[in-house]
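Trainee: I am new to this structure and would love a guided look. Could we go through it together, one question at a time?

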Amino acid sequence: MAQTTANPRERDAQLLLRAAARFAAVQQTEPFNRNEAREAATFNRKLWTVFLSAVSRAENPLDAETKQNLQKVAMFSLRRSAAMEINPVAEQLTALININRNLAEGLRG
């Protein structure tokens, strides 16, 4: 019920935090689980694909500079996630964790 009544910004923040939490859990696991890292990266890549699509739409009300900045962040996240799907490395997760957490914090205001 909470998911159906949450506003879009809160829903997006929750999804970003979920992706960050998955990455953080995988990063802290000893030994490093490459399969779980790949699964977390796939989830993150799908999430950022949706965000990139939404931010790129002409009807998106964000100003051009904000759209461009979010597109750059999305492209970085997509490239890093794809790289993690191919060759997971624990240290490479930190940037994705930080991006997702910071953006979620911004969405929550």
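Trainee: Across how many ångströms should α4 span, and what do its end atoms show?

Mentor: Happy to help, and keep in mind that this is a predicted model. Helix α4 has 23 residues, and the expected span takes 1.5 Å for each residue after one is left off the count. That gives an expected 33 Å, and the end C-alpha atoms agree because they are 33 Å apart.

Trainee: Which helices do the buried residues of α4 pack against?

Mentor: Start with the buried residues themselves: among them are Ala74, Leu78 and Met84. The buried set also includes Lys67, Arg80 and Glu85. The helices that these buried residues of α4 pack against are α3 and α5.

Trainee: What kind of aromatic pair does a search of the whole structure find?

Mentor: The search finds one aromatic pair. Trp48 and Phe51 form this pair, with 5.4 Å from centre to centre and 90 degrees between the planes. Planes over 60 degrees apart count as edge-to-face, so the pair of Trp48 and Phe51 is edge-to-face.

Trainee: Where do Trp48 and Phe51 lie, and are they buried or exposed?

Mentor: Both residues lie in helix α3, which covers residues 34-56, and they are three residues apart, about one turn of the helix. In an α-helix, residues three or four places apart point the same way, because there are 3.6 residues a turn. As for Trp48 and Phe51, both are buried.

Trainee: What type of peptide bond joins Glu30 and Pro31?

Mentor: Pro31 sits in the loop between α2 (8-28) and α3. Most peptide bonds are trans. Between Glu30 and Pro31, omega is about -5 degrees, and the bond is cis.

Trainee: Which helix supplies the largest share of the lining of the largest pocket?

Mentor: The largest pocket holds about 460 Å³ of space, and 21 residues line it. Nearest its centre lie Asp12, Val55, Leu62, Leu70 and Leu107. Helices α2, α3, α4 (64-86) and α5 (93-108) each supply at least two residues of the lining. The largest share, six residues, comes from α3.

Trainee: How many residues of that pocket's lining are nonpolar?

Mentor: The lining divides into three groups. Five of its residues are charged and four are polar. The nonpolar residues number 12.

Trainee: Which residues is Arg108 in contact with, leaving aside its neighbours within four places in sequence?

Mentor: Arg108 lies in helix α5 and is partly exposed, with a relative accessible area of 45%. Its C-alpha atom is 9.6 Å from that of Arg11, although the two are 97 residues apart in sequence. Leaving aside neighbours within four places in sequence, the contacts of Arg108 are Glu10, Ala13, Gln14 and Leu17.

Trainee: How far is the C-alpha atom of Ala21 from that of Asn100?

Mentor: Ala21 lies in helix α2 and counts as partly exposed because its relative accessibility is 43%. Along the chain, Ala21 and Asn100 are 79 residues apart. Their C-alpha atoms are separated by 9.3 Å.

Trainee: Is Gln28 buried or exposed?

Mentor: Gln28 lies in helix α2 too. The C-alpha atoms of Gln28 and Ala90 are separated by 8.3 Å, with their places 62 residues apart along the chain. The relative accessible area of Gln28 is 64%, and so this residue is exposed.

Definitions and conventions: Residues numbered from 1 in each chain as written. Predicted model: local features only at pLDDT ≥ 70, side-chain atom pairs only at ≥ 80, totals over all residues. Heavy atoms only, no water. Phe/Tyr/Trp six-rings, centres within 6.5 Å; stacked < 30°, edge-to-face > 60°. Helix = DSSP H or I, 4+ residues; strand = E, 2+ residues; numbered from the N terminus. Buried < 20%, exposed > 50% of the residue type's maximum accessible area, 1.4 Å probe, protein only. 1 Å grid on protein atoms, 1.4 Å probe; cavity = no way out; pocket = protein on both sides within 12 Å on 5 of 7 lines; lining within 4 Å. Points joined across faces, edges and corners; volume = space filled by probe spheres on them. Nonpolar A, V, L, I, M, F, W, Y, C, P; charged D, E, K, R; others polar. Contact = heavy atoms within 4.5 Å.
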